[in-house]
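Grab your viewer and a coffee. Here are a few exercises to work through, each with a solution you can follow step by step.

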Amino acid sequence: MQFFCFKMCDKSVVNATSKYFTDNLEKNPHKRFVSGERVKAPFYNQPCEELAKCLLGKILVRQLSNGSVLRGMIVETESYLGGEDLASHSCGGRETPANKPMFMSPGTAYVYFTYGMYHCFNISSKVLSLLIAGEGAAVLLRAVQPIEGIEEMQRKRKQFMENMYAKRRAKRGLENNIKASLYQDKKITELCNGPSKLCISFDIDIASCNKCDLVKSDSLWIEYGADGTASEPMKIVEAPRIGIDSAGPIWANKLLRFYIFGSEFVSRQNKACEENLPS
């Protein structure tokens, strides 16, 4: 199904098949993407599924302590509805010190640690969902298209890989004989095409970003994209979420993952769901 986000998302409308999605990014000035206008509080105060769709085409901005600014266009999201959603950390209204940001004001950053080494970044939404009236709803950012600060993102990824490799070698009592060829710069399309890759590249972790108010924070926020005046609305693919089979078939098969059709920066395409899009 194709969605047109107008009321809260009127500035998010982009042409997903435009050259901005496929050109060499190093030759593509980030000003062609970014308007610099920060998203305001009312934007986040909408149902989780709608927020997930309306975040597509927006710009994730991270200002580091060294003054560097990183920007990327959000191309893939997932909704976690709370309430009856068995895949949500807040299922059944369960609130813990770890998932508390899911219950805070819409537009609060919820960062959690997974697999003993990775972080994932979510944004709290309005309590009321289109499917269920559940508390603790949030949108997971799954992938972004790098725009600004790409070299810094590559350094972050390389540093993380080096540290992870060194720790694994040390744990096994082996010498840390890292080969330089192992850490060649990743393709730009593979730099942020996954929730943990995104967090590594943007230096998002619990210590620095969890519970950040994206409306007021000076280190992490969302901006409107400059393609908001495109003549054709972007096509949004609806697909099942990834990696939640343990929640059971009912919730694992709900179409709560959203991505921009035609973007080569998403974590995983779902061809079956793409075939359902109108031509």
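**Exercise 1.** How many residues does helix H3 have, and what span does it reach from its first C-alpha to its last? Then find out which elements its buried residues pack against.

*Solution.* One caveat before we start: this is a predicted model.
- Step 1: H3 runs over residues 150-171, so at 1.5 Å times one less than its 22 residues, the expected span is 32 Å.
- Step 2: Going from the first C-alpha to the last, the helix reaches 32 Å, close to that expectation.
- Step 3: Now pick out the buried residues of H3; among them are Ile150, Met153 and Met161, along with Glu152, Lys156 and Arg169.
- Step 4: The buried residues of H3 pack against strand S3 (69-80), strand S6 (138-148) and helix H4 (195-201).

**Exercise 2.** Is Tyr259 buried or exposed? Work out what surrounds this residue.

*Solution.*
- Step 1: Locate Tyr259 in strand S9, residues 257-260.
- Step 2: The relative accessible area of Tyr259 is 1%, and buried means under 20%, so Tyr259 is buried.
- Step 3: Leave out residues up to four places away in sequence, and Tyr259 still touches a list of others, including Leu56, Val75, Ile236, Val266 and Glu274.
- Step 4: With Glu274 there's also a polar contact, side chain to side chain, at 2.8 Å.
- Step 5: For a look at sequence versus space, take Gly57: 202 residues separate it from Tyr259 in sequence, yet their C-alphas are 9.7 Å apart.

**Exercise 3.** How many aromatic pairs does the structure hold? Classify the one formed by Phe43 and Tyr44, then check the rings of Tyr80 and Trp251 for charges.

*Solution.*
- Step 1: The structure holds three aromatic pairs.
- Step 2: For Phe43 and Tyr44, the centres are 5.4 Å apart and the planes make an angle of 85 degrees; over 60 counts as edge-to-face, so that's the label here.
- Step 3: Both partners, Phe43 and Tyr44, are buried.
- Step 4: Over the ring of Tyr80 sits the charged end of Arg241, 4.6 Å from the ring centre.
- Step 5: Trp251 has Lys254 over its face, at 4.9 Å from the ring centre.

**Exercise 4.** What does the secondary structure of the protein chain come to? Add the chain-wide numbers.

*Solution.*
- Step 1: Count seven helices and nine strands.
- Step 2: The chain has 279 residues, and 53% of them count as buried.
- Step 3: Take contacts between residues at least 6 apart in sequence: 70% join residues at least 24 apart.
- Step 4: The accessible surface is about 13200 Å², with 50% belonging to carbon and sulfur atoms.

Technical notes. Residues are numbered from 1 along each chain as its sequence is written. This is a predicted model: local features need pLDDT of at least 70, side-chain atom pairs count only at pLDDT 80 or more; totals for chains, interfaces and linings use all residues. Side-chain values use heavy atoms; hydrogens and water are left out. Helices (H or I, at least four residues) and strands (E, at least two) are DSSP runs, numbered from the N terminus. Buried means under 20% relative accessible area, exposed over 50%, partly exposed in between (1.4 Å probe, protein chains only). Contact means heavy atoms within 4.5 Å. Rings of Phe, Tyr and Trp (its six-membered ring) pair if their centres lie within 6.5 Å; planes under 30 degrees apart count as stacked, over 60 as edge-to-face and the rest as tilted. A charge sits over a ring if NZ of Lys or CZ of Arg is within 6 Å of the ring centre and within 35 degrees of the ring normal. A polar contact is a pair of N or O atoms within 3.5 Å; within protein, one must be able to donate a hydrogen and the other to accept it, and residues adjacent in sequence count only if both atoms are side-chain atoms. Accessible areas come from the Shrake-Rupley method with a 1.4 Å probe; for residues, only the protein chains shown count as cover.
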